[in-house]
Amino acid sequence: MDASGQSQDPRRAGARILDTAEGVLIVLRGCTLNQAFVEIVQTAKAHNVSTLSLADALVALAQNQASQHGEDAAFVAARAAWGHLVDRSRSGRGVRFDDEDDAVPGA
């Protein structure tokens, strides 16, 4: 474990980012956990990027961290697939993403 109490196991970190990305899609689309997972995997395949890098990019997009990812292929794919949903949520449609763990409804 690191100083923050989180595991440094890369598999655990990957699972956490995928879980978070699935949560973002559940909030944005109102879909099921399985539907969110399938959408992330299919979108990654369609854009020829890894599933975990796309999940990470989706979370960054939801957190408005575009400047940190620039023109990264996974971030470009996330923006193309879900950017309109994130933008709509930011324009007052009822969701605010505060940190990597939470989407706050009605904010």
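# Helix H1, its contact with H3, and three further residues

In helix H1 (residues 10-29), the buried residues (under 20% relative accessible area, with a 1.4 Å probe and protein chains only) are Gly14, Ile17, Leu18, Thr20, Ala21, Glu22, Val24, Leu25 and Leu28. The model is predicted, so local features need pLDDT of at least 70 and side-chain atom pairs count only at pLDDT 80 or more, while totals for chains, interfaces and linings use all residues. Residues are numbered from 1 along each chain as its sequence is written, and side-chain values use heavy atoms, with hydrogens and water left out. Helices are DSSP runs (H or I, at least four residues), numbered from the N terminus.

**Helix H1**

- H1 has 20 residues, which at 1.5 Å a residue should span 28 Å (1.5 Å times one less than the number of residues); its end C-alpha atoms are 28 Å apart, in agreement with this.
- Just after H1, Gly30 has a positive phi of about 70°.

**H1 against H3**

- Two packed helices are described by the angle and the distance between their axes.
- The axes of H1 and H3 (residues 51-62) come within 8 Å and cross at roughly 55°; axes are lines fitted to C-alpha atoms over the stretch in contact, and angles run from 0 to 180 degrees between N-to-C directions.
- That angle makes H1 oblique to H3, a class for angles that are not under 35 degrees (roughly parallel), over 145 (roughly antiparallel) or 65 to 115 (roughly perpendicular).
- The crossing of H1 with H3 is left-handed, meaning that the near helix is turned anticlockwise from the far one by less than a right angle.
- From H1, Gly14, Ile17, Leu18, Thr20, Ala21, Val24 and Leu25 are in contact (heavy atoms within 4.5 Å) with Thr51, Leu52, Ala55, Asp56, Leu58, Val59 and Ala62 of H3.
- The residues of this contact comprise 10 nonpolar (Ala, Val, Leu, Ile, Met, Phe, Trp, Tyr, Cys and Pro), 3 polar (the others, Gly among them) and 1 charged (Asp, Glu, Lys and Arg).

**Ala44 in helix H2**

- Ala44 lies in H2 (residues 33-46) and counts as buried at 1% relative accessibility.
- Neighbours within four places in sequence aside, Ala44 is in contact with Val49, Ser50, Thr51 and Leu54.
- Ala44 and Ala81 are 37 residues apart in sequence, and their C-alpha atoms are 10.0 Å apart in space.

**Loop residues with positive phi**

- Asn48, in the loop between H2 and H3, has a positive phi of about 55° although it is not a glycine.
- At 72% relative accessibility, Asn48 counts as exposed (over 50%).
- Asn64, in the loop between H3 and helix H4 (66-69), is a residue other than glycine with a positive phi near 60°.
- Asn64 counts as exposed at 55% relative accessibility.

Terms used
Helices (H or I, at least four residues) and strands (E, at least two) are DSSP runs, numbered from the N terminus.
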